[in-house]
Amino acid sequence: MYDVAIIGAGVMGASIFRELSKYNVKSILIEKENDVSMGTTKANSAIIHAGYDPKIGTLMAKYNVKGNEMFEDLCKELSVPFKRNGSLVLAFNDEDLETINNLYINGSTIGVKGLKVLSKEEVLKIEPNLSHDIKGALLAPTGGIVGPFEYTIALVENGIQNGGEIILDAEVAKINKYETFVIETTNGKKIEAKYVINAAGIYSDRIHNMICKESFKITPRKGEYYVMDKSQGNLVSHTCFPCPSKLGKGVLVTPTIHGNLLVGPNAVDGEDREALNTTSEGLANIKKSAMNTTDKINFRDCIRTFAGLRAVSDSGDFIVGEDKEVKGFIDVAGIKSPGLTSAPAIAEDVVNILKDSGLTLEKNLKFNGKREQVYFMELSKEEKAELIKKDSRYGRIICRCESITEGEIIDAIHRGFGKISIDGVKRRCRPGMGRCQGGFCGPRVQEIISRELDIKMEDIVQEKSDSVILYGKTK
């Protein structure tokens, strides 16, 4: 039996999982897909928000600012790329100028540090490629960019390293409450736990309703994006937002942590919780909106488009707390933007909720928060030479677009858990993230997985468990 079962291995579930590993608690992370970070966490803006726009008094406001302050140290501990590049909210008319002034007051009240309202001249001095129709902007220097799936994978790896367990390909079908909870999965597994954390993202209302009275509804909100080649990556240095609307923060233009340019998202509410297709209409609207920010984006340099779904609750705020009737069942639901930023702060609070509910928390004296990952191209010449001397596989480039070595891929495979896919390696160390999108390195990665894990090529999938690549030899 487990002390705590966490349903959902996105950034929220992973953050709670790792936080619990600081204590002598027997925990298990349950995920319906064959890897972690397979939902909203892998398909978002990858922004660490400063926290100027959530309403005063909301959980979003509380957790955003605190989470932002925690991120830099966490990423250093976990060897995850992170940068405080700062964000700009752009004003194009008098109404927008009033909005950014209100955001300045709101953010300052919440506790966001360093906010400043800039004139048109000040904006164009730091971002000369932006539209000259700009009238001013709000500068938030604490805004940042991160690799969201690298971060989530690192959290889980570190949680496992410190004693946590994970079960993949285990979709929850039923939850019963006796003296303890019994979770049944679609593949016939039964998991018994004293406490259950519902971090199931866009499915969190369905998980809640399996055991609790209906109290909130999740609507999936689709956002589509363009990923631009690294030739566009220096167009802006800050994350550039238009003024926010009721549907969200609008179409942003931002550098990514790995040197690309990201443009999007739009915001379209729907009912289909698996609708990850992009549309010509949606992408056209994103392009049109982005051109208001800057007309210098060369959309011919787009290397990929994608869509993600955000979990929008009818409460209008994050839902974090123990159910009033089903004791021991804790919802962490409706975690849309700024969910990624808020995750570490929410995780700390969830541990406190568990403690208040009766879970005994003793410090894990063997806890090691450090997790190492080699980024070969970031090493000095001397460090590269020394590493190649120890292991020649670091001297063989597999992904030419991103300059990823065989050594890095092998390291990612052996740090992994569950059934490693081509895209699972891609999310861990980036082969296939470049201009050719795996056209050249994909088969090589597949060969390396087969060799290192001693499995058949036909048994390696692209991403999800049913995404078969090879059925057998033709000759």
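This short talk goes through the domains of the chain, one interface between two of them, an annotated region, and two pieces of strand pairing.

Please keep in mind from the start that what we are looking at is a predicted model.

Let me begin with the overall division. The protein chain falls into three parts: domain 1, which is made of residues 1–81, 145–217 and 314–372; domain 2, which is made of 87–141 and 219–309; and domain 3, which covers 376–459.

I would like to spend most of my time on domain 1 and domain 3, whose C-alpha centres are 29 Å apart. Where these two meet, 16 residues of domain 1 are in contact with 9 residues of domain 3, and the area buried between them comes to about 1,100 Å², with carbon and sulfur atoms giving 56% of it. On the domain 1 side, Asp35, Phe149 and Glu157 together supply 36% of the area that this domain buries against domain 3, which is more than any other three residues.

What kinds of polar pairing are found here? Between domain 1 and domain 3 there are 3 salt bridges, and across the same interface of domain 1 and domain 3 there are 3 residue pairs in polar contact. As for which element of domain 1 gives the most to the side touching domain 3, that is helix α5, residues 148–161, with 6 residues. There is also a salt bridge between the side chains of Arg428 and Asp35, at 2.8 Å from N to O.

Turning to the annotation, an unreviewed UniProt entry assigns residues 397–450 to a "BFD-like [2Fe-2S]-binding" domain. In the model, the chain over residues 397–450 is 50% helix and 9% strand, and its end C-alpha atoms are 18 Å apart.

Now to the strands, starting with an open sheet of 3 strands in the order β3-β8-β4, with antiparallel pairing. Because β3 (47–48) and β4 (82–83) each have a single partner strand, they stand at the edges, and one side of each is left without a neighbour in the sheet. Strand β8, residues 144–146, is joined to β3 by 2 bridges, and Ile47 stands opposite Ile145 in β8.

The second example is a hairpin formed by β19 and β20, with 6 residues between the two strands, and in its turn Gly328 has a positive phi of about 95°. Strand β19, residues 319–322, and strand β20, residues 329–333, run antiparallel and are joined by 4 bridges, with Gly321 standing opposite Asp331 in β20.

Note on methods:
Residues numbered from 1 in each chain as written. Predicted model: local features only at pLDDT ≥ 70, side-chain atom pairs only at ≥ 80, totals over all residues. Heavy atoms only, no water. UniProt positions renumbered as here; feature names shortened; annotations may be inferred. Pairing = 2+ DSSP bridges. Domains from an automatic or database assignment. Contact = heavy atoms within 4.5 Å. Buried area = accessible area lost by both parts, 1.4 Å probe. Salt bridge = Lys/Arg side-chain N within 4 Å of Asp/Glu carboxyl O. Polar contact = N/O pair within 3.5 Å; in protein donor to acceptor, adjacent residues only side chain to side chain.
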